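Q: Please look closely at a single part, a pair of aromatic rings, and then place that part within the rest of the chain. I would like a connected account that keeps the cut-offs in view.

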Amino acid sequence: MEEHRIRGVEPPEGVPAINMPVLAPLLDRLIVTYGTMLFTAGMIVVLGVYLAFSGRYGVAVPAFLISFMTPVAVYFGYVLLVGCSPMRKLTRKPFRLVSGLDDAVIAGAWVSVPLDGRWFVVRLPAPLRAQLAAQRRLWVLGPFFLLPGVIVPRNGKFRDAPVKGSVPLTTQPVSPGRILTLQRRLLASYYLLTAGITLVAAAFSIWVAIDFPDRRSVLVPDAQVLAALCLVATIGLVITAVVMTRPSPEPTWTELAVISGPASVNLVGMVTMKGRTVLPDGREVTVRAGGSDPSLAANIAATGRLWVLGPPMAGRTAKAGVPGHAVFGPVKFGK
């Protein structure tokens, strides 16, 4: 397979961003979803404050609600007000292609690109940094940017100088196996973060079981059960993270042609694609994509091509992606 001919979905050059597949419906749905989550988390925080002043539920219950829901409300509020809403307002304008990146510099996760007499500074996780170093191109619209194959805009900042300690961003061809390994390590870090949160939830649950004033309340045994489940989940997440940090062998890709309609966005903001394909053994089956990475379904629907890690099998779920791009996710083949 010649990887230089594999192209992920990209914004139409010189055409308003609203014409990019899935982008506008995804932003619209995320605005509603994040707004709902912000409102819900805010109401729970208010409830926690009320319970703290009432004094009838002890200290642990209101502390649990406030400690967990305040960061959730702040996160969704930030993403809504700084990310989704401003980006949606800019979709009537076109993305601008910035290629070459001869003078770009990097410091850790921060990449600084000279643009219009200033420095456009972006923060990228390891898989996207590897992709950018290899492809040397990104699309910019206001303070937002996209990499080829990626449909979820990220925020950048314009500054007068690059990040301190930056060195030149050298061209580094990267294999699909390397990007896959970096992607697995990134997911492992998320699993470890979730394990930490789950462990804190277990501690709060134990505190609730000890602190709750009414010892006959059903909340006491429920808190004990929740603590036990959180501890088991913590162990499982840590084990999964350790397994995922192991290096991945160079993947074997199977390329399939897919006939499908356009990708769609469901009620929770997940991008999905449904279509049909022919497996290497000649069987015609249905295929469905939609999971952790919304870019995967969008790429399949836009390009009509599907790359599966390993041999695809009818009735099974397989790992898929776009070779050379930090785009991975599950696909489900019908029988």
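A: Burial is judged here by relative accessible area, with under 20% called buried, over 50% exposed and the range in between partly exposed (1.4 Å probe, protein chains only). The model is predicted, so local features need pLDDT of at least 70 and side-chain atom pairs pLDDT 80 or more, whereas totals for chains, interfaces and linings use all residues. Numbering runs from 1 along each chain as its sequence is written, and side-chain values use heavy atoms, without hydrogens or water.

Searching the whole structure gives 9 aromatic pairs, where rings of Phe, Tyr and Trp (its six-membered ring) pair if their centres lie within 6.5 Å, and planes under 30 degrees apart are stacked, over 60 edge-to-face and the rest tilted. In the pair of Tyr 34 and Phe 76, the ring centres are 5.3 Å apart and the planes stand at 50 degrees, so this pair is tilted. The two residues are 42 residues apart, with Tyr 34 in helix H1 (residues 23-54) and Phe 76 in helix H2 (residues 60-89), so that the pair links distant parts of the chain; helices (H or I, at least four residues) and strands (E, at least two) are DSSP runs numbered from the N terminus. Tyr 34 and Phe 76 are both buried.

The ring of Phe 76 also pairs with that of Tyr 75, where the centres are 5.2 Å apart and the planes make 75 degrees, so this second pair is edge-to-face. The surroundings of these two residues can be told apart by their accessibility: Phe 76 has a relative accessibility of 14% and therefore counts as buried, while Tyr 75, at 48%, counts as partly exposed.

Tyr 34 also gives a route to a part of the chain that is remote in sequence, since the C-alpha atom of Val 268, 234 residues away along the chain, is separated from that of Tyr 34 by 9.4 Å. Val 268 sits in the loop between strand S10 (264-265) and S11, and with a relative accessibility of 57% Val 268 counts as exposed. Once residues up to four places away in sequence are left out, Val 268 touches Arg 29 and Thr 33, contact meaning heavy atoms within 4.5 Å.

Strand S11 (271-278), on the other side of that loop, is in turn one of the elements that cover the buried residues of helix H6. The others named in that cover include strand S9 (253-260), strand S12 (284-289), strand S13 (305-309), strand S14 (317-321) and strand S15 (328-333). H6 (residues 294-303) is mostly covered, with 7 of its 10 residues buried, and these are Pro 294, Ser 295, Leu 296, Ala 297, Ala 298, Asn 299 and Ile 300. Just after H6, Gly 304 adopts a positive phi of about 70 degrees.

A positive phi also appears at residues that are not glycines. Leu 101, with a phi of about 55 degrees, is found in the loop between strand S1 (96-99) and strand S2 (105-107), and its relative accessible area of 4% makes Leu 101 buried. Arg 136, with a phi of about 60 degrees, lies in the loop between helix H3 (126-135) and strand S5 (137-141), and Arg 136 is likewise buried, with a relative accessible area of 10%.

Returning to aromatic rings, Phe 64, Phe 68, Phe 204 and Trp 207 form one aromatic cluster. Phe 64 is also a contact of Ser 205, which, leaving aside its neighbours within four places in sequence, meets Ala 223, Leu 226 and Ala 227 as well. Ser 205 belongs to helix H4 (residues 176-211) and is buried, with a relative accessible area of 3%.

As a frame for these details, the chain has 6 helices and 15 strands, and its C-alpha atoms fill a box of roughly 65 × 55 × 35 Å along the principal axes. Of the 335 residues of the chain, 46% count as buried. Among contacts between residues at least 6 apart in sequence, 67% join residues at least 24 apart, and the tilted pair described above, with Tyr 34 and Phe 76 placed 42 residues apart, links distant parts of the chain.
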